[in-house]
Amino acid sequence: MLLRQATMADLPQIESIIRDGRELLAAQSVDQWQGTYPSTSIIVDDIHQGWTVVLEEDNEILGTAAVIPGEDANYERIEGQWLTDQAPYLAIHRVAVSSHHRGRGLAGELFQRIFAQIDKAENVESIRIDTHPDNKGMQHVIKKNGFTETGMIDLINQDLDGVKDYAYERVTAHINPAHLVEIKATK
């Protein structure tokens with residue numbers, strides 16, 4: 001298996017995998033990705049920006065994700081507390097795996113390969129991700145891969161206003177201890 005940056009030639013397979021994800025969520029009665037999000041234009045922009053990665057085996061794309069640097073407007077406000085403050089982070093969005101290969105642990109494999117690449121970047125101190133409160137499968141994969149649930153965020157882009165997702169964060173090997181937030185225990 002290989003993790004690589006996506007190209008425009010990968011768009012048909014990526015869109016097929018996104019459709020697979022949309023259909024699986026609908027079958028599970030999860031109201032995530034049931035509108036126009038993520039649209040083709042978002043996926044194309046992700047590819048052009050160099051953000052989309054694909055997990056490939058034998059010239060077949062098994063999974064995809066967008067790994068986005070910089071400040072994410074959705075993560076500016078949180079009902080809860082991020083693990084870090086003022087730390088440079090990457091956000092992972094639009095994670096999906098092929099319906100033809102479910103049950104192989106591909107989402108976890110995708111995350112582990114992304115983490116291996118991120119660990120080489122000394123200027124990345126944490127990774128943030130979010131998912132729908134009803135998406136139990138993704139919540140399980142996120143937690144199993146070392147993320148800590150940090151609260152709820154409002155989705156404010158791509159016609160998703162008013163939607164709240166669970167937010168998670170995972171610090172990297174390059175975390176500056178000064179950027180860690182002291183979590184106060186509540187009783």
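Two strands count as paired when DSSP finds at least two bridges between them. With that in mind, this tour of a predicted model can begin at a single bridge.

**Stop 1: strands S2 and S3.** Select Thr52 and Ala66; Ala66, in S3, is the bridge partner of Thr52. Extend the selection to residues 52–57 for S2 and to residues 60–69 for S3. The two strands run antiparallel and are joined by six bridges. They form a hairpin with two residues between them, and Asp58 in the turn has a positive phi of about 50°. S2 is mostly covered, with five of its six residues buried.

**Stop 2: the neighbours on either side.** Add S1, residues 2–5, which pairs with S2 in the antiparallel sense over four bridges. Here Leu2 stands opposite Glu56 of S2. Next, return to Ala66 and select His93, its bridge partner in S5. S3 and S5 are also paired in the antiparallel sense, over six bridges.

**Stop 3: the whole sheet.** Display the eight strands, which form an open sheet in the order S1-S2-S3-S5-S6-S8-S7-S4, with mixed pairing. S1 and S4 (79–80) stand at the edges; each has a single partner strand, so one side of each is left without a neighbour in the sheet. H1 packs on the sheet, where it touches S2, S3 and S5, and its direction makes about 90° with that of S3.

**Stop 4: helices H1 and H2.** Select residues 11–27 for H1 and residues 40–49 for H2; these helices pack at an angle of about 130°, with their axes 11 Å apart. That angle makes H1 oblique to H2. Their crossing is right-handed. To see the contact, show Leu11, Ile14, Glu15 and Ile18 in H1, which meet Thr40, Ile43, Val44 and Ile47 in H2.

**Stop 5: the nonpolar cores.** Select Ile92, Val95, Phe111, Ile114, Ile129 and Phe147, the residues with the most contacts inside the largest nonpolar core, which has 25 residues. At least two residues of this core come from each of S2, S3, S5 (89–97), H3 (106–118), S6 (126–131) and H4 (136–144). H3 gives the largest share, seven residues. Centre the view on Val95: not counting residues up to four places away in sequence, Val95 touches Trp33, Thr64, Ala65, Leu110, Phe111, Ile129 and Met138. Finally, select Ile14, Ile17, Ile61 and Ala96, which are among the 16 residues of a second, separate core.

Conventions
Residues are numbered from 1 along each chain as its sequence is written. This is a predicted model: local features need pLDDT of at least 70, side-chain atom pairs count only at pLDDT 80 or more; totals for chains, interfaces and linings use all residues. Side-chain values use heavy atoms; hydrogens and water are left out. Buried means under 20% relative accessible area, exposed over 50%, partly exposed in between (1.4 Å probe, protein chains only). A nonpolar core is a set of buried Ala, Val, Leu, Ile, Met, Phe, Trp, Tyr and Cys residues joined through side-chain atoms within 4.5 Å. Contact means heavy atoms within 4.5 Å. Axes are lines fitted to C-alpha atoms, for helices over the stretch in contact, and angles run from 0 to 180 degrees between N-to-C directions. Angles under 35 degrees count as roughly parallel, over 145 as roughly antiparallel, 65 to 115 as roughly perpendicular and the rest as oblique. A crossing is left-handed if the near helix is turned anticlockwise from the far one by less than a right angle, and right-handed if clockwise.
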